[in-house]
Amino acid sequence: MSDTQPIQDERYRRGLAQLEKMGGGSVTTMLGKSQEISPDLADITVEFPYGDILSRPGLDLRSRQIATVAALTALGTAPVQLRAHIEMALAVGCTEEEIKEVIIQMAVYAGFPAALNGMAAAQDVFSTREKKDV
């Protein structure tokens, strides 16, 4: 065991705890698939974003998820992650209307194609939740 292993284990535990708080079931499923291909990448994905960044004080989870939905919409290259974070935004208290407004605002900064694709991702999430009666 390396000298950094206890630190990495703590980061991983903190990251998983943060994912659970955020209702990150879809992320956990995605990580399970990644674990088969690249366990190191799956671990880093839990440790850094969730264990180090999203667990920092200063912003509540709702605010962090609004920022994440905006950023992923603007990127336009991460539809799977965008859907997962829309689900988590809803789980931490964002409303569908707030998510739609964030995506609409991205039309100004990221362009209409990014906003339209973001809205399509949101509609997928909303429809799936409606079918599940969530």
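In which helix does R11 lie? In this predicted model, the residue belongs to helix α1, and it offers a friendly starting point for a tour of the structure.

R11 has a relative accessibility of 18%, and because buried means under 20%, this residue counts as buried. Its surroundings can be listed by name: once residues up to four places away in sequence are set aside, R11 touches E47, F48, G51 and D52. With one of these neighbours, D52, there is also a polar contact, made from side chain to side chain at 2.6 Å.

From this residue the view can widen to the whole chain, which is divided into two domains: domain 1 covers 7-56 and domain 2 covers 59-133. The contact between them draws on 13 residues from domain 1 and twelve residues from domain 2. Taken by their C-alpha centres, domain 1 and domain 2 are 20 Å apart.

What area do domain 1 and domain 2 bury between them? The value is about 900 Å², and carbon and sulfur atoms account for 64% of it. On the side of domain 1 that touches domain 2, the elements giving two or more residues are α1 (5-21), α2 (25-37) and α3 (39-53). Sorted by character, the residues of that side comprise seven nonpolar, four polar and two charged. How many salt bridges are counted between domain 1 and domain 2? The count is zero. Polar contacts, on the other hand, do occur across this interface, where two residue pairs are found, both at pLDDT 80 or more.

A closer look at helix α2 brings in M30, which is found there. Is M30 buried or partly exposed? Its relative accessibility is 23%, so M30 counts as partly exposed, given that the buried class ends under 20% and the exposed class begins over 50%. Leaving aside neighbours within four places in sequence, M30 is in contact with V80 and Q81. By the domain bounds, M30 falls in domain 1, while V80 and Q81 fall in domain 2, and these contacts of M30 thus link the two parts of the chain. A further pairing sets sequence beside space: M30 and I86 are separated by 56 residues along the chain, and their C-alpha atoms are 15 Å apart.

Together, the two residues offer two views of domain 1. R11, in helix α1, is buried at 18% relative accessibility, whereas M30, in helix α2, is partly exposed at 23%.

Notes:
Residues are numbered from 1 along each chain as its sequence is written. This is a predicted model: local features need pLDDT of at least 70, side-chain atom pairs count only at pLDDT 80 or more; totals for chains, interfaces and linings use all residues. Side-chain values use heavy atoms; hydrogens and water are left out. Domain bounds come from an automatic or database domain assignment. Contact means heavy atoms within 4.5 Å. Buried area is the accessible area (1.4 Å probe) that two parts lose on being put together, summed over both. A salt bridge is a side-chain nitrogen of Lys or Arg within 4 Å of a carboxyl oxygen of Asp or Glu. A polar contact is a pair of N or O atoms within 3.5 Å; within protein, one must be able to donate a hydrogen and the other to accept it, and residues adjacent in sequence count only if both atoms are side-chain atoms. Helices (H or I, at least four residues) and strands (E, at least two) are DSSP runs, numbered from the N terminus. Ala, Val, Leu, Ile, Met, Phe, Trp, Tyr, Cys and Pro count as nonpolar, Asp, Glu, Lys and Arg as charged, and the others, Gly among them, as polar. Buried means under 20% relative accessible area, exposed over 50%, partly exposed in between (1.4 Å probe, protein chains only).
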